[in-house]
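Reader: I have a structure open and would like to talk through its side-chain contacts with you. Could we go step by step?

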Amino acid sequence: MPSDQRPNRPEPPDLAAEEERLAAFLAGQSALVLAVAVDRESPPGTAPEIGSLPFVHHDGAFWVLASEFAAHTRPLLEGREARVALLADQSATRNPFARERAQWTAQVESVDREASRFAEVTARLRDRHGKTVELLCGLGDFHLLGFHLGAGRYVNGFGSAFELDGLTVCQQRRG
């Protein structure tokens, strides 16, 4: 078949443009969804604990205040790896099958209240989410946790899925 008669192949995606799109998506999100295994000795198939928390993106991590009374927090304080997801608002999504979303594996960091980083990050949380943050910081059961992102996936439409390393778009996901 002559080259001018070959079927058209789609152009490879512009990964830098996808990274900008991911950054814009991230900027529009205020809460993350997380999943964490409750117990290291849990048998296969044991359901993880799931939570949803307001966050701030700062210094390369997603930061939250989480109560130790929540079932998802205890395993995080023990240093378990978590899965973190961001989901586009359903009301702004034309087709729920093509809902914009991103998810990652994440290593968890707990910051001591006496550390200067605690004040720095909670100030960012307060700027983003209001005075409730001050109230939560005054309660002894709340902990500042940072989610350091690892491998992930970003989907922004039908046939538009990408592999991530943190917030870097690495390649289009196929099949």
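Reader: Is arginine 117 buried, partly exposed or exposed, and what is its relative accessible area?

Author: Happy to start there, and please keep in mind that this model is predicted. Buried would need a value under 20% and exposed a value over 50%. Arginine 117 falls in between, so it is partly exposed, with a relative accessible area of 25%.

Reader: Which residue forms a salt bridge with arginine 117?

Author: A salt bridge asks for a carboxyl oxygen within 4 Å of the arginine nitrogen. For arginine 117, the closest N and O atoms of the bridge are 3.0 Å apart. The partner is partly exposed, at 23% relative accessible area. That partner is glutamate 109.

Reader: Which residue is linked with Glu109 and Arg117 in a network of salt bridges?

Author: Look in the loop between β3 (56–58) and β4. The residue there has a phi near 55°, a positive value in a residue other than glycine. It is exposed, with a relative accessible area of 54%. The network is completed by Asp59.

Reader: How many salt bridges does a search of the whole structure find?

Author: Besides the bridge of glutamate 109 with arginine 117, arginine 126 forms one with glutamate 134, at 3.7 Å between the closest N and O atoms. Both of these residues are partly exposed, arginine 126 at 32% and glutamate 134 at 46%. The search of the whole structure gives a total of four.

Reader: Glutamate 78 and arginine 80 meet in a salt bridge too; which residue counts as buried, at 8% relative accessibility?

Author: Their side chains come to 2.7 Å, N to O. Glutamate 78 has a relative accessible area of 47%, so it is partly exposed. The value of 8% is under the 20% limit for buried, and it belongs to arginine 80.

Reader: How far apart in space are arginine 174 and glutamate 78, C-alpha to C-alpha?

Author: Arginine 174 sits in the segment after β9 and is exposed, with a relative accessible area of 61%. In sequence, arginine 174 and glutamate 78 are 96 residues apart. In space, the C-alpha to C-alpha distance is 35 Å.

Reader: Turning to the strands, which residue in β6 stands opposite valine 84?

Author: β5 pairs in the antiparallel sense with strand β1 (residues 31–36) over four bridges. In that pairing, alanine 85 of β5 is the bridge partner of valine 33. β5 also pairs with β6 (residues 101–111), again antiparallel, over six bridges. Opposite valine 84 in β6 stands tryptophan 104.

Reader: How many aromatic pairs are there, and what is the angle between the planes of phenylalanine 25 and tyrosine 154?

Author: The count comes to three aromatic pairs. Phenylalanine 25 and tyrosine 154 form a tilted one, 6.0 Å centre to centre. The pair links distant parts of the chain, with phenylalanine 25 in helix α1 (residues 15–27) and tyrosine 154 in strand β7 (residues 142–155). Both residues are buried, and the angle between their planes is 35°.

Reader: Which residue joins Phe55 and Phe62 in one aromatic cluster?

Author: Phenylalanine 55 and phenylalanine 62 form a tilted pair, at 4.8 Å centre to centre and 45° between the planes. Phenylalanine 55 is buried at 0% relative accessible area, and phenylalanine 62 counts as buried at 0% as well. The cluster is completed by Trp104.

Reader: Which residue lies over the face of phenylalanine 55?

Author: A charge over a ring must be within 6 Å of the ring centre. Here the distance from the ring centre is 5.3 Å. The residue is arginine 128.

Notes:
Residues are numbered from 1 along each chain as its sequence is written. This is a predicted model: local features need pLDDT of at least 70, side-chain atom pairs count only at pLDDT 80 or more; totals for chains, interfaces and linings use all residues. Side-chain values use heavy atoms; hydrogens and water are left out. Buried means under 20% relative accessible area, exposed over 50%, partly exposed in between (1.4 Å probe, protein chains only). Helices (H or I, at least four residues) and strands (E, at least two) are DSSP runs, numbered from the N terminus. Two strands pair if DSSP finds at least two bridges between them. Rings of Phe, Tyr and Trp (its six-membered ring) pair if their centres lie within 6.5 Å; planes under 30 degrees apart count as stacked, over 60 as edge-to-face and the rest as tilted. A charge sits over a ring if NZ of Lys or CZ of Arg is within 6 Å of the ring centre and within 35 degrees of the ring normal.
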